[in-house]
Amino acid sequence: MLTTRLPDKVEPYRLAARAERLAGLMSLDRFERLAEQVGAQSGDCRVWLEFGIDAQGRREIRGRLEAELQLPCRRCLEPLAQSVASDFLLGMVTSDTLAADLPGTHEPVLVENEQLNLLEVVEDELILSLPQVVYHDEAHCRVSRDQLSSGEAPEPSEPAANPFEVLRHLKGKK
Ligand SMILES: [Zn+2]
């Protein structure tokens, strides 16, 4: 079980030269771009990184991440627990080595002044690993439940202007 926290920045050339491995946690609430896309998250992302130099002399990072996220259901917008995981292969590039020189197998990551912004890299990978759409099971989705119990008075906590509700009314008018 991982307990250590990963630093926000690392010196990737040094780590690659020593073929070092890092494993640790990053708080999900640090990822602002992720929050903009799918709402605020809590808990940790688990991250494993292997730094190295391949036969062609390219400095690379093999990585894996895993996290449990609360993603909005596409139907009712209520959060739904979803596990995401991703394996990735990164090639380090600096401003003077072009990302285009990397083979297609590697995603470029920018190293500036010998520093790699690990927080940004992990957030990018996490965003890439998001599923396109998530739905509750019919039985657990509020929209489906409402459809089944149509005719009953709506719950007082129900938001007045649910965009999906509006959409359904529009569709019904066709
Ligand atoms: Zn739902």
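This report describes the fold of a predicted model, from its overall make-up to a few individual residues.

## Overall make-up

The chain has 174 residues, of which 20% count as buried. Its secondary structure consists of five helices and seven strands, and these elements follow one another from the N terminus in the order β-α-β-α-β-β-β-β-β-α-α-α. Among contacts between residues with a separation of 6 or more, 54% join residues that are 24 or more positions apart in the chain.

## The sheet

Strands 2 to 6 form an open sheet of five strands, in the order 2-3-4-5-6 and with mixed pairing. At its edges are strand 2 (21-27) and strand 6 (107-110), each of which pairs on one side only. On average, and with direction ignored, neighbouring strands of this sheet are turned by 35° against each other. As a general point, the strands of a sheet pair through backbone hydrogen bonds, in either a parallel or an antiparallel arrangement.

Strand 2 and strand 3 run antiparallel and are joined by seven bridges; within this pairing, Gly-24 has Val-47 of strand 3 as its bridge partner. Strand 3 and strand 4 are also antiparallel, paired over nine bridges, and here Phe-51 stands opposite Ile-61 of strand 4. The hairpin formed by strand 3 and strand 4 has five residues between the strands, and in this hairpin Gly-57 takes a positive phi near 85°. At the other side of the sheet, strand 5 (residues 79-93) and strand 6 run parallel and are joined by four bridges, with Leu-110 in strand 6 as the bridge partner of Val-93.

## Helix 3 and the nonpolar core

Helix 3 (residues 118-128) packs on the sheet, where it touches strand 2, strand 3 (44-53), strand 4 (59-72), strand 5 and strand 6, and its direction makes about 60° with that of strand 4.

Which residues touch the most other members of the largest nonpolar core? This core has 24 residues, and those with the most such partners are Cys-45, Val-47, Val-122 and Leu-126. Two or more residues of the core come from each of strand 3, strand 4, strand 5 and helix 3. Val-122 can be followed in detail: apart from its neighbours within four places in sequence, Val-122 is in contact with Met-26, Cys-45, Val-47 and Leu-65. Val-47, the bridge partner of Gly-24, is thus named both in the pairing of the sheet and among the contacts of Val-122.

## Leu-49 in strand 3

Is Leu-49, a residue of strand 3, buried or exposed? Leu-49 counts as buried because it has 24 C-beta neighbours inside 10 Å, where 20 or more are required. Not counting residues up to four places away in sequence, Leu-49 touches Arg-21, Leu-22, Ile-61 and Gly-63. For Leu-49 and Ile-61, the distance from C-alpha to C-alpha is 6.4 Å, although the two are 12 residues apart in sequence.

## Residues in the loops

Ser-129 belongs to the loop between helix 3 and helix 4 (142-148). Ser-129 counts as partly exposed because it has 16 C-beta neighbours inside 10 Å, a number that lies between the limit of 12 or fewer for exposed residues and that of 20 or more for buried ones. When neighbours within four places in sequence are left aside, the contacts of Ser-129 are with Val-84, Ala-85 and Ser-86. Of these, Val-84 is 45 residues away from Ser-129 in sequence and 6.4 Å away in space, C-alpha to C-alpha.

Two other loop residues are notable for their backbone angles, given that most residues other than glycine have a negative phi. Ala-19, in the loop between helix 1 (12-17) and strand 2, has a positive phi of about 50° although it is not a glycine. Because Ala-19 has 10 other C-beta atoms within 10 Å, this residue is classed as exposed. Leu-77, which is found in the loop between strand 4 and strand 5, likewise is not a glycine and has a positive phi, of about 70°. With 15 other C-beta atoms within 10 Å, Leu-77 is partly exposed.

Terms used: Residues are numbered from 1 along each chain as its sequence is written. This is a predicted model: local features need pLDDT of at least 70, side-chain atom pairs count only at pLDDT 80 or more; totals for chains, interfaces and linings use all residues. Two strands pair if DSSP finds at least two bridges between them. Axes are lines fitted to C-alpha atoms, for helices over the stretch in contact, and angles run from 0 to 180 degrees between N-to-C directions. Two residues are in contact if their C-beta atoms, placed from the backbone, lie within 7 Å. A nonpolar core is a set of buried Ala, Val, Leu, Ile, Met, Phe, Trp, Tyr and Cys residues joined through C-beta atoms within 7 Å.
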